[in-house]
Amino acid sequence: MLYAGIAWSADGYDVEVIDAEGVRVTAPTHWGAERVPELTAWLGAPGPTSEPPRAVVVESTNGLVDGLFTAADLPVYRADPWVLPERPDFGSVPARALAERARTDLASLSPLTAEGGGQTGRDDDYHGGIRRSTAHEAELTRAGRWFRHGPRDRREIALTFDDGPDPVFTGQVLDILARYGVHATFFCVGLHVNALPDEVRRIVDAGHSLGNHTWSHPFLPDLSPRQFRLQLERTDEAFARAVGRVPVVFRPPYGARTPETLGELLSGGPALALWDVDSWDWARPGPEKIARTVLDHAGPGSLILMHDGGGDRRQSVAALPAVIEGLLEQDLRFVAADALRGGAEAESAGAHPRE
């Protein structure tokens, strides 16, 4: 019986696989973020025994690989802070510690599903953080730095894609956008910006906008203010290296927020952009369902959430032409997410626990 731990760092993922006795099945390996599809395939038969793992374990601060893993039918588990040793301010606990936790106490870990994603079982923490954040959200809104949609009296919408750049799907999304001549905003994670700068440059060269989506897609209630700040700063640094500028908008992973993390934004920095139309493409309900969900709920001022990374996005790509055509038929104009900031009222409801 095998157990795999997946740790994230500044430049990719460290992996350890051990057996039921705690013996390494293979030497520790390191995978760049651009190789996650390869890592997913490798985990299906990681060692000389060709035995699939009993559990693949990620931290709650790593929300970038579970989508591909669950799509490949790997048994993915999340380790929360209270069952792990203290982690560094930037990076996760060692991969060995994650694998050992599964080997010695699998019941203390949370099994992840495609429907719940990396946040499976944490809804109370998610909603509690949002409730406690009301005052900070109001302050950011008064400053024009918090919004989930734009003015409803202008026929403008923003189409956004999260969790990229992705070595497979970002280019496919860009090709479709170019075919229709429409604008989008890509909320990118720093780990992948760092690994795939050419994809980021392609986004910018095609005339699209960028947003900061943290470094490792963590569940924000599990971060200290300093850890949150480093996630933003390191991602901005990766953007600066890739394209010479940093985004003016930020989207929290899963839409999660807490007063502690929002407090880091009060003194300045990017505007916080949520959404009012969730395509649910992350749950892979089928291309037709994705397109219908968007078209049934979008209208003037909508900020639409889709994904180009963080999982198997074939359904998102397949749904995109119908989404664009349906919105164009409504005489809606595609603008950057930041263009919707003016006139959006403060609203805390509406973001689904899994983005």
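Two exercises with worked solutions follow, on a helix pair and on a cavity.

This is a predicted model, in which local features need pLDDT of at least 70, side-chain atom pairs count only at pLDDT 80 or more, and totals for chains, interfaces and linings use all residues. Residues are numbered from 1 along each chain as its sequence is written, and side-chain values use heavy atoms, with hydrogens and water left out.

**Exercise 1.** Describe how helix H6 and helix H12 cross, and which residues make the contact.

*Solution.* Step one is the geometry: the axes of H6 (residues 169–180) and H12 (residues 314–329) come within 10 Å and cross at roughly 20°. H6 is therefore roughly parallel to H12, a term for angles under 35 degrees. The crossing of H6 with H12 is right-handed.

Step two is the contact (heavy atoms within 4.5 Å). From H6 come Phe169, Gln172, Val173, Ile176, Leu177, Arg179 and Tyr180, while H12 supplies Arg314, Val317, Leu320, Pro321, Ile324, Glu325 and Leu328. Step three sorts these residues into ten nonpolar, one polar and three charged.

**Exercise 2.** Find how much space lies in the second largest cavity, and which residues line it.

*Solution.* A cavity is a set of points on a 1 Å grid where a 1.4 Å probe fits but cannot get out, and lining residues have an atom within 4 Å of a point. The whole structure holds three cavities of 30 Å³ or more, and the second largest encloses about 50 Å³. Its lining includes Ala33, Val36, Pro37, Asp166, His192 and Gly310. Sorted by type, the lining of this second largest cavity has six nonpolar residues, three polar and one charged.

How values were computed. Axes are lines fitted to C-alpha atoms, for helices over the stretch in contact, and angles run from 0 to 180 degrees between N-to-C directions. Helices (H or I, at least four residues) and strands (E, at least two) are DSSP runs, numbered from the N terminus. Angles under 35 degrees count as roughly parallel, over 145 as roughly antiparallel, 65 to 115 as roughly perpendicular and the rest as oblique. A crossing is left-handed if the near helix is turned anticlockwise from the far one by less than a right angle, and right-handed if clockwise. Ala, Val, Leu, Ile, Met, Phe, Trp, Tyr, Cys and Pro count as nonpolar, Asp, Glu, Lys and Arg as charged, and the others, Gly among them, as polar. On a 1 Å grid over the protein atoms alone, a cavity is a set of points where a 1.4 Å probe fits but cannot get out, and a pocket is an open set with protein on both sides within 12 Å along at least five of seven lines; lining residues have an atom within 4 Å of a point. Grid points are joined across faces, edges and corners, and a volume is the space filled by probe spheres set on the points.
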